[in-house]
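Here are a few notes to go with the model, written for reading side by side with the viewer. Take the points in order, and keep the structure open as you go.

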Amino acid sequence: LDILDKNKKIPELIDLVNVSIVCYPRNKLIIKYAKKYVKNFYNCNLKHDLKNNQYSACKYLKVVKKVIKINSIIDFGSGTGAWLLAAKSLGINKLIGIEKHYEIDIEDAKILKQNVFDKVNFSADIAVSVEVGEHILPEKSSIFIDNITSSSDIVIFGAATTHQSGD
């Protein structure tokens with residue numbers, strides 16, 4: 001990543017960060033470049049690539065929208081914002097993201113720069129937390145789960161399994 005940045009190979013660097021961030025979501029070097037070039041993820045030709053990464057989020061949200069009306073979403077551990085962007089693309093207009101590590105720039109979204117286990121005073125029609133729970137220290141996990149379940153009656157939750165690749 002450093003070499004690509006030094007040689008101004010920005011599209012290649014962003015492609016590598018976009019793929020690497022999925023496997024290593026808390027890697028400090030990847031976070032550094034995700035923060036540095038975050039606008040490139042949303043405001044250039046790579047916007048199409050990011051939309052491809054939202055495919056699963058759109059599938060889940062479409063199914064849920066068939067059963068309940070969703071006007072708002074709160075995403076615990078938003079990462080680069082794929083779930084929020086998927087929700088926005090499906091017409092969900094109140095977007096709340098909780099993300100301490102990444103810079104997220106999504107128009108009309110409220111992004112809280114805090115830990116997912118810090119007190120949250122927001123509610124939404126649906127709460128989401130995907131690939132975050134496995135990073136929470138055991139002593140903080142009850143607060144994390146309380147935050148999610150107190151913010152909505154409908155929850156989509158998923159955490160990595162033991163020995164899954166990534167950090």
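1. First, a definition for the sheet: two strands count as paired if DSSP finds at least two bridges between them. In this predicted model, five strands form an open sheet with parallel pairing, and their order is 3-2-1-4-5. Strand 3 (109–112) and strand 5 are the edge strands, each pairing on one side only. From one strand to the next, the twist averages 15°. As general background, strands of a sheet pair through backbone hydrogen bonds, either parallel or antiparallel.

2. Now for the whole chain. The protein has eight helices and five strands, and along the sequence they follow the pattern α-α-α-α-α-α-β-α-β-β-β-α-β. Of its 167 residues, 43% count as buried. The accessible surface comes to about 9,500 Å², and carbon and sulfur atoms account for 53% of that. If you look at contacts between residues at least 6 apart in sequence, 59% of them join residues at least 24 apart.

3. Which strand does strand 2 (residues 94–98) join through four bridges? The partner is strand 3, and the two run parallel. One pair to look for in your viewer is Gly 97 with its bridge partner in strand 3, Ile 111.

4. Lys 110 also lies in strand 3. Leaving aside neighbours within four places in sequence, Lys 110 is in contact with Leu 95, Ile 96, Gly 97 and Phe 122. The C-alpha atoms of Lys 110 and Lys 94 are separated by 8.3 Å, with the two residues 16 apart along the chain. Is Lys 110 buried or partly exposed? Its relative accessible area is 42%, so Lys 110 is partly exposed.

5. Helix 8 deserves a look next. This helix packs on the sheet and touches strand 1 (72–76), strand 4 (126–130) and strand 5. The direction of helix 8 makes about 175° with that of strand 1.

6. Ile 145 sits in helix 8. With a relative accessible area of 37%, Ile 145 is partly exposed. Together with Val 155 and Phe 157, Ile 145 forms a nonpolar patch on the surface, and the three have about 240 Å² of accessible area together.

7. Just past helix 8 (138–151), please find Asp 153, in the loop between that helix and strand 5 (155–158). Why does Asp 153 count as exposed? Exposed means over 50% relative accessible area, and Asp 153 counts as exposed because its relative accessibility is 79%. The C-alpha atoms of Asp 153 and Ile 126 are separated by 7.0 Å, although the residues are 27 apart along the chain.

8. Finally, two backbone angles to check. Most residues other than glycine have a negative phi. Asp 108, though not a glycine, has a positive phi of about 70°. Asp 108 is found in the loop between strand 2 and strand 3, and at 63% relative accessibility it counts as exposed. Glu 131 is not a glycine either, and has a positive phi of about 60°. Where is Glu 131 found? Its place is the loop between strand 4 and helix 8. Glu 131 is partly exposed, with a relative accessible area of 34%.

Terms used. Residues numbered from 1 in each chain as written. Predicted model: local features only at pLDDT ≥ 70, side-chain atom pairs only at ≥ 80, totals over all residues. Heavy atoms only, no water. Buried < 20%, exposed > 50% of the residue type's maximum accessible area, 1.4 Å probe, protein only. Contact = heavy atoms within 4.5 Å. Areas by Shrake-Rupley, 256 points an atom, 1.4 Å probe, with all protein chains shown as cover. Patch = residues over 30% accessible without salt bridge, like charges linked within 9 Å, V, L, I, M, F, W, Y side chains within 5 Å. Salt bridge = Lys/Arg side-chain N within 4 Å of Asp/Glu carboxyl O. Axes fitted to C-alpha atoms, helices over the stretch in contact; angles between N-to-C directions.
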